[in-house]
Amino acid sequence: MKYFNLLTCIHKKPDYSEHKQTVRQVLGNNAHIKGTMDKLELLSSSLSRRYEAKQLANANVHHKTAAESTTRTTMKQTNEQVHNYNELSASEKFDLLKAATQGPASSAASYDGYYTLQSLNVHNYNELSASEKFDLVKAGIQSPASPAASYDGYYTLQSLNVMKCEELFERMKNSSVLIMDCRSSKDYELSHLTYNYSFNVPEELITPGMSAGKLQDKLGNGSKVLWSARSVKDQVVLLDWNTKDNKPSPSSPIGILLDILQNWDPDVMYRSPIKILQGGYEFFIMLYPTLCTNPSVQAPQQNSIDFDLIDDIEYPSIHDITMKDEISGQSYTSSPGSSSMARPLIFAASPAHAPPSVDRTSKMAAVKSYELKQKPIVELAKEQDQLMEKAHVNDEQLKEASQKLDSIFGKNKQSPDKKSITATEKELLYYIMQLESEALDYKTENDRLLDEIEKYKSFKQEQEDVLTPNEKEVLEQTTRQIEHKIQERQKLNEQLEREKQQRDQQLAMAIARFPRQSIDNKDDDEICKPKIPLFDRSVKPPMSSMTTSSSSTYIMDRQRDFSPIPGAMERGLTGLKNLGNTCYMNSIIQCLSNTPQLTEYCITDKYKNYISRSNKTKGHIVEEVAALIKVLWNGNYKCVASKDLRYVMGQYQQIFRGIEQQDSHEFLTILMDWLHSDLQTLNVPEKPRDNITPSEKAWLEFTKAKESLILHLFYGQIKSTVKCVECNKESATYESFSNLSLELPSNSNVCYLNQCMDMYFSGERIHGWNCPNCKKKRDAVKKLDISKLPPVLVIHLKRFYADSDIIGNSYKKKQNYVRFPLENLDMTPYIAKSELRSVTPKTYQLYGVSNHYGSMESGHYTAFCKSGNYGRWFKFDDQVVTPLDTSNVVSSGAYILFYTWLPPIQITENNNNTN
């Protein structure tokens, strides 16, 4: 109540309107305040109940020390006191259970804990939420390691009755699970699992009061055979469209079927408790689309909620929209999952005039306080040592490479003839570009350490009253040592910058003096020359098979020229040759190759069933990409060439024909559109336009009722909301995307990915908007949100920009050091209300980075990819593939980021054997 009284006083202040935005930044908007108050009320109530539970638990522990008979009497009394146990939270129940099961690891003690578990109504476990169940299960499996205790934990774990999609996928591999799909027969025919032991128990056949025998009589012959397998399979799993709970509604088809199998199937002894697939078919189809007959199937129509109305209104108040100018001055902290070097230290300053929180009578308290005060400076010193060591190694490598470059330039100056730059010389130039980029990153980190020292010195002044003179001296000495090292490094960085400028001049002269030529020393004309496709006549099928084939067009496999370098390699770790300046292409292909769902789709030839021959590229692009990915994953070559892919792409886009350097983002965007077009053959059943949301209407217009695996993996949807500042009328449009292009701050050398996200998704004022309600031009606010999240989220950092100071098309590059998380990128703050209702995961993991080094005139691309097969990061630098330390993934060279919420898939030779 005091909090709301304070808000009222603030709102009544005469200058409130001038400082409204500042107040909102500090206190949050109305929705945030309401959510906070609700959480506080729940927390207060939970704490009150938890203290009561603690008292019961303590009393229980006290009585446990008595004799066995007394213990059982006490447990009976305790059970009478907690007859409302199911109303407690999971943490409160955990406290009681932990106290009840404490004691010697004997059979009696274990049995006593098991008896208590049952007497506390844990048999009604299904009434708890998922998080409460998980906490309670942990309590069960952490009980003493005796047979009774183990059974106790196992029983509690099995009572969850929920199976994740990942676990189901693993069980499908060895055919140990029987899956009953209780959606309607119509929905099942539209799309279902391609698993031999999966069948439909139609919801229209499932009625309350049935026995298992009666239900079996109503099934078709094929379903009856599989129905009888429920007694021999290790696990039986039920699924519908999107049930997520372990205790579905008793009136729902899946709830009735579960009751029939558990209580009215007396002739069958199940090998394990029946499970429900978490998230249902909707969740499974998002994780494993290639294991479903029609991955593009839409959710069954639900008429209980007017989603159209909810979708229309995104922001009830225009003041709920965060504007770009509001966030421009904000400071940002790193997101979870960032590398240690990218996470600034936090110094918690004490309140002014606060009394020392040190017990001078306690030596241990004094030592502990000193250690806490010393910790930040110790961490800074450790981080500095690691940084200096890496920077020194980089300096030595850069020095050695520069000497080689000077030697090359010296020889060329003495030669009157113009000689082309050799492959070795070009690789040396690319190597120097990467070392220079790393040196710039170390310089940025060194500057950050200096800022941290200044923060620490300010913090230390506030803590002087709790430090002894000796402690002060030690900390000051450590601080001076760090400052001295930083200053020495700054001097060295200035020298390195001068050397870099000299190298840039030499490089510019070399480019102007020597003609560029491809790595494999072929003339430009020969590279761009159209090739006559070669066909392997030995694989030509008989005429009968061609005439009876169900496919509309038969395309013979063409022999391709990969120019491979033989050598046994781990699967997926084959490099790509640089064909002149094709590093931009190599970088993107390696990132796509490390997208497991796409790779599995290619190497198992599943894509061949969905090729379109009626589009612009006639399926040729996906054929070349699939052929190249297959070679990268056969494990027989150190490196191969992408000649055929470049040639075919050059036939449809002229900029990819020659050996000129191109933009990897432009290449990726075009390639995604072509791959989608080549595979856009999945027919989507159209719904009545009156029963779908505006977002779904826009999606249907974009896809033309035909979708593809590329669409399902990489494409999302942006909602653009425009709101009138006068009448609050809101209008929305939708646009599909395959990647997000984020602006980088122009006034900061270091920024965070969430800062770029905030800038992109914040509101901006527009003038002269034709308000449909006011019937005149008005000022309005435009805001972007994500209305459909893709499983693979590609983020492009816009580093190149047009230089307005130079006449003509001159571009410069932003060298911002963007700190981005390797794990747990949370997209929740940026999604529309319609997407919030979906079961789609909102948290992403990084698995690929396309890097750019150098400038617009002369640059080089590489890729950092985390292999799903090996769980490690690798660096793909054209034909060279090397392991990469996780701490080196974040760099100022990052250009395109590949995130996913899909689980990793092991790419093996038998990927297709999941039936």
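Which residue is the bridge partner of Thr 721 in strand 14? In this predicted model, the partner is Ala 732. The pair belongs to a set of eight bridges that join strand 13, residues 716-724, to strand 14, the two strands running antiparallel.

Strands 13 and 14 are part of an open sheet of four strands, arranged in the order 14-13-18-17 with antiparallel pairing. The edges of this sheet are taken by strand 14 (730-737) and strand 17 (764-771); each has a single partner strand, so one side of each is left without a neighbour in the sheet. From one strand to the next, the twist averages 35°.

Two helices lie across strands of this sheet. Helix 27, formed by residues 694-703, lies across strand 13, strand 14 and strand 18 (776-788). The angle between helix 27 and strand 14 is about 40°. Helix 29, formed by residues 753-761, lies across strand 13 and strand 18, and runs at about 140° to strand 18.

The protein chain as a whole contains 30 helices and 28 strands. Of its 915 residues, 48% are buried. Among the contacts in the chain with a separation of 6 or more, 73% are between residues 24 or more positions apart. The accessible surface of the chain comes to about 46,000 Å², and carbon and sulfur atoms account for 52% of this surface.

Definitions and conventions: Residues are numbered from 1 along each chain as its sequence is written. This is a predicted model: local features need pLDDT of at least 70, side-chain atom pairs count only at pLDDT 80 or more; totals for chains, interfaces and linings use all residues. Side-chain values use heavy atoms; hydrogens and water are left out. Buried means under 20% relative accessible area, exposed over 50%, partly exposed in between (1.4 Å probe, protein chains only). Contact means heavy atoms within 4.5 Å. Accessible areas come from the Shrake-Rupley method with a 1.4 Å probe; for residues, only the protein chains shown count as cover. Two strands pair if DSSP finds at least two bridges between them. Axes are lines fitted to C-alpha atoms, for helices over the stretch in contact, and angles run from 0 to 180 degrees between N-to-C directions.
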